[in-house]
Amino acid sequence: EDGLGLAHRRGALIEPHGCSLVKLYRFLARRTEAKFNKVVLKRLFMSRANRPPVSIAKLAKEMKGKEGKTCVVVGTITNDVRLLDDSTLKFTVCCLRCVDSARARIVAAGGEVITFDQLALRAPTGSNCVLLRGVLKSREVYKHFGKAPGVPNSSAKPYVRGGNGKNRKIESARGRRKTCGYKV
């Protein structure tokens with residue numbers, strides 16, 4: 001199982017309640033000519049690293065001026081305490097998983113959170129739907145990629161033993177402080 005209560009079995013994403021979203025969207029992708037269903041099916045197969053979360057602040061920003069449309073996220077919707085105006089959350093959102101605090105704020109604003117099987121009944125071709133996804137490269141691991149740390153023009157973050165101020169002695173003296181020899 002992954003964090004959604006969904007199991008991966010033989011390459012398919014299976015819901016615990018017997019009804020398979022993959023079966024449903026594979027059928028819709030085959031029987032409708034809508035590209036929306038093909039994209040949703042492809043995203044259902046993606047790993048969790050490739051299904052980044054989307055905050056309600058991003059949803060509010062993207063759905064501004066799109067009243068009457070359904071917001072679709074193949075992934076998790078998270079809360080954002082920095083969003084102060086809840087009245088911007090009055091829309092229908094469809095997602096695989098929604099954090100409880102985010103769900104409560106959307107429902108309190110007059111919106112609703114639906115599942116993908118409910119979406120298939122309402123909009124089988126994805127009409128009046130806005131398909132969104134989170135920023136893929138926002139994971140911390142991407143900060144370490146690129147040219148090796150220390151070489152010219154590199155902005156890659158080094159993997160440091162005992163970093164984040166946890167260890168006083170490791171990689172924090174010579175070459176790192178002006179008082180200890182030199183500083184680069």
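Here are legends for a set of close-up views of a predicted model.

**View 1. The whole chain, a mix of helices and strands.**
We start wide before zooming in. The chain has 5 helices and 7 strands. Reading from the N terminus, the order goes β-β-α-α-β-α-β-β-α-β-α-β. Of the 184 residues, 36% are buried. The accessible surface adds up to about 12000 Å², and carbon and sulfur atoms hold 52% of that. As for links along the sequence, take the contacts with a separation of 6 or more: 43% of them join residues 24 or more positions apart.

**View 2. Helix H2, mostly under cover.**
This helix spans residues 35–44, and 7 of its 10 residues are buried. Here are the ones to look for: Phe36, Asn37, Val39, Val40, Leu41, Arg43 and Leu44. So the buried set isn't just nonpolar side chains, because Arg counts as charged and Asn as polar. Keep an eye on Arg43, which turns up again in the cavity view as a lining residue.

**View 3. The largest nonpolar core, with 20 residues.**
Leu59, Cys71, Val73, Ile77, Leu89 and Val93 are the residues with the most contacts inside this core. Helices H3 (56–62) and H4 (100–108) each give two or more residues to it, and so do strands E4 (70–78), E5 (92–98) and E7 (129–132). Another core lies apart from this one; it has 19 residues, including Val22, Leu28, Val72 and Phe116.

**View 4. Val93 and the residues it touches.**
Now closer in on one member of the largest core. Leaving aside residues up to four places away in sequence, Val93 touches Leu59, Cys71 and Ile77, along with Ile106, Glu112, Val113 and Ile114. Three of these names are familiar from the previous view: Leu59, Cys71 and Ile77 are also among the residues with the most contacts inside the core.

**View 5. The cavity, with a volume of about 70 Å³.**
The count of cavities of 30 Å³ or more comes to 1. Around the largest cavity sit Arg43, Met46, Asn50, Arg51 and Pro52, then Val73, Val74 and Gly75, and finally Leu132, Arg133 and Gly134. Strand E4 supplies the largest share of this lining, with 3 residues. By type, the lining residues split into 5 nonpolar, 3 polar and 3 charged. Val73 is worth a second look: this lining residue is also one of those with the most contacts inside the largest nonpolar core.

How values were computed:
Residues are numbered from 1 along each chain as its sequence is written. This is a predicted model: local features need pLDDT of at least 70, side-chain atom pairs count only at pLDDT 80 or more; totals for chains, interfaces and linings use all residues. Side-chain values use heavy atoms; hydrogens and water are left out. Helices (H or I, at least four residues) and strands (E, at least two) are DSSP runs, numbered from the N terminus. Buried means under 20% relative accessible area, exposed over 50%, partly exposed in between (1.4 Å probe, protein chains only). Contact means heavy atoms within 4.5 Å. Accessible areas come from the Shrake-Rupley method with a 1.4 Å probe; for residues, only the protein chains shown count as cover. A nonpolar core is a set of buried Ala, Val, Leu, Ile, Met, Phe, Trp, Tyr and Cys residues joined through side-chain atoms within 4.5 Å. On a 1 Å grid over the protein atoms alone, a cavity is a set of points where a 1.4 Å probe fits but cannot get out, and a pocket is an open set with protein on both sides within 12 Å along at least five of seven lines; lining residues have an atom within 4 Å of a point. Grid points are joined across faces, edges and corners, and a volume is the space filled by probe spheres set on the points.
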